[in-house]
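Trainee: Hey, I've just been handed this one and I'd like a quick tour. Could you pull it up so we can talk it through?

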Amino acid sequence: MFDNSCAMFSKTLLSTLLLALAVAANPIVTPREPYAKLQLSRQLNTTGVYNVLQHDQARAAHLAAKASAKQTRAIYNEPVTNEVVTYMANVGVGTPPTYYSLIVDTGSSNTWVGATKAYVKTSSSVATGDTVAVTYGSGSFSGNEYYDTVTIGSLVIPNQSIGVATTSTGFAGTDGIIGIGPVDLTVGTLSPDTNTPIPTVTDNAYAQGSLTADQIGISFEPTTSTSVQNGELTWGGVDSTKYTGSITYTPVTTTFPASYYWGINESITYGTTTVLASTAGIVDTGTTLILIASNAFSTYKSLTGGVLDANTGLLKITASQYSALKPLNFNINGVTFPLTANGQIWPRSLNTAIGGTATSIYLVVASIGAPSGQGLDFIDGYTFLERYYSVFDTANKRVGFATTSFTTATTN
């Protein structure tokens, strides 16, 4: 007991000293431009959309279960690669930095490396003596905690807690994760400091005086290419060139378990017909499809005339049914964000790449796998976010949305 208390005290003291030194050594600097841009890239990487559907549903189930088990600064932009179910960013760790290809995840908050490329220790690497472990819907990792310098574009964050994997599963082709979810998601991931939260990279950068705000703006764009730069992630603010009109903010929901993540309240209508009454769900970059409660999905299926496709697991519609599709409206804090007919379908030129047939039309709305009333009744995934700019505002506990030049695009 004495040894554990001493270890916890030593680590807390070390963390405090490191943060104090970082702030002293990194005074607030006025940037040369409002933000440093880095591009997002989409990489199609799957052997069939049914895998994507299974991944999304497994992720939804895991997020619900995980929550139940726990009850003058600058703006920077970060490039992300969309791997259908993930978005990859080139993130540097160490001094000088070694760059790792990390998944950008709004549904988790730990940052870690070592899944594929080994962690390279440098002069800025400091072992804390703690171990760290996180499970995800499609994988897990465990390893040791270090403090190190993290470089995201031109944003440099000293003394950031990171995990260094000794074992990992489910992360082939990636080096780890940079988590940008709420900080409470990190509680319980350290040992023996199980009750200690780990500040996210955004939280640390803001505390150290490097960001304008403790928030992240995300811009995606619809695309029909398997590999293309198609968006931007902005650290510490928003990029006004990436959206039109104004941003509508809505508070993070108080309904559990959606409240554990970037959860919001919304209702969904198909035309004027209610598909899902006002309820709680989450906004998530790690989910590709739009998932809704099973009873809402049945209603949507009936209204669109879609038929479940055995090869993909998605709803398939005819050309005439596509022409008759009505807007799918996401009603958030008094504002309606509609998905056009084109926004409701998978890019047809990519059908064969995801296990479908070239001439078919597939809908991107699928069942979450449980009826409404569970406290996590929808997930607004990438296929929603590629049509709307999104803002994840930690300081004010809210999520924002705005239209873009791609909201009514006919790309698909």
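Mentor: We'll go from the whole chain to the annotated spots and then to a few single residues.

Trainee: Sounds good. What kind of model is this, and how are residues numbered?

Mentor: This is a predicted model, where local features need pLDDT of at least 70, side-chain atom pairs count only at pLDDT 80 or more, and totals for chains, interfaces and linings use all residues. Residues are numbered from 1 along each chain as its sequence is written, and side-chain values use heavy atoms, with hydrogens and water left out.

Trainee: How many helices and strands are there in the protein chain?

Mentor: The protein chain has six helices and 27 strands. Both are DSSP runs numbered from the N terminus: helices are H or I with at least four residues, strands are E with at least two.

Trainee: And how much of the chain is buried?

Mentor: Of the 412 residues, 57% are buried. Buried means under 20% relative accessible area, exposed over 50%, and partly exposed in between, with a 1.4 Å probe and protein chains only.

Trainee: What about the surface, how many Å² is accessible?

Mentor: About 15700 Å², and 55% of that belongs to carbon and sulfur atoms. The areas come from the Shrake-Rupley method with a 1.4 Å probe, and for residues only the protein chains shown count as cover.

Trainee: Which residues carry the "active site" annotation?

Mentor: In the unreviewed UniProt entry, "active site" covers Asp105 and Asp284. They span 180 residues in sequence, yet no two of their C-alpha atoms are more than 7.7 Å apart, so they gather at one spot. Keep in mind that UniProt positions are given in the numbering used here, feature names are shortened, and annotations may be inferred rather than shown by experiment.

Trainee: Where does Asp105 sit?

Mentor: Asp105 is in strand β6, residues 98-105. Asp105 counts as buried because its relative accessibility is 3%. Its side chain makes a polar contact with the side chain of Ser108 at 2.7 Å. A polar contact is a pair of N or O atoms within 3.5 Å; within protein, one must be able to donate a hydrogen and the other to accept it, and residues adjacent in sequence count only if both atoms are side-chain atoms.

Trainee: And Asp284, where's that?

Mentor: Asp284 lies in the loop between β17 (273-283) and β18 (290-292). Asp284 is buried too, with a relative accessible area of 1%. The side chain of Asp284 makes a polar contact with the side chain of Thr106 at 3.2 Å. Leaving out residues up to four places away in sequence, Asp284 touches several others, among them Arg59, Asp105 and Asp380. Contact here means heavy atoms within 4.5 Å.

Trainee: Switching topic: what does the side chain of Gln160 make a polar contact with?

Mentor: The Gln160 side chain pairs with the side chain of Asn204 at 2.8 Å. The side chain of Gln160 also reaches the backbone oxygen of Pro199 at 3.0 Å. Gln160 belongs to strand β10, residues 155-169, and is buried at 1% relative accessible area.

Trainee: Last one: is Ala67 buried or exposed?

Mentor: Ala67 is buried, because its relative accessibility is 0%. Ala67 is found in helix α2, residues 49-68. Not counting residues up to four places away in sequence, Ala67 touches Phe256, Pro257, Tyr260 and Tyr261.
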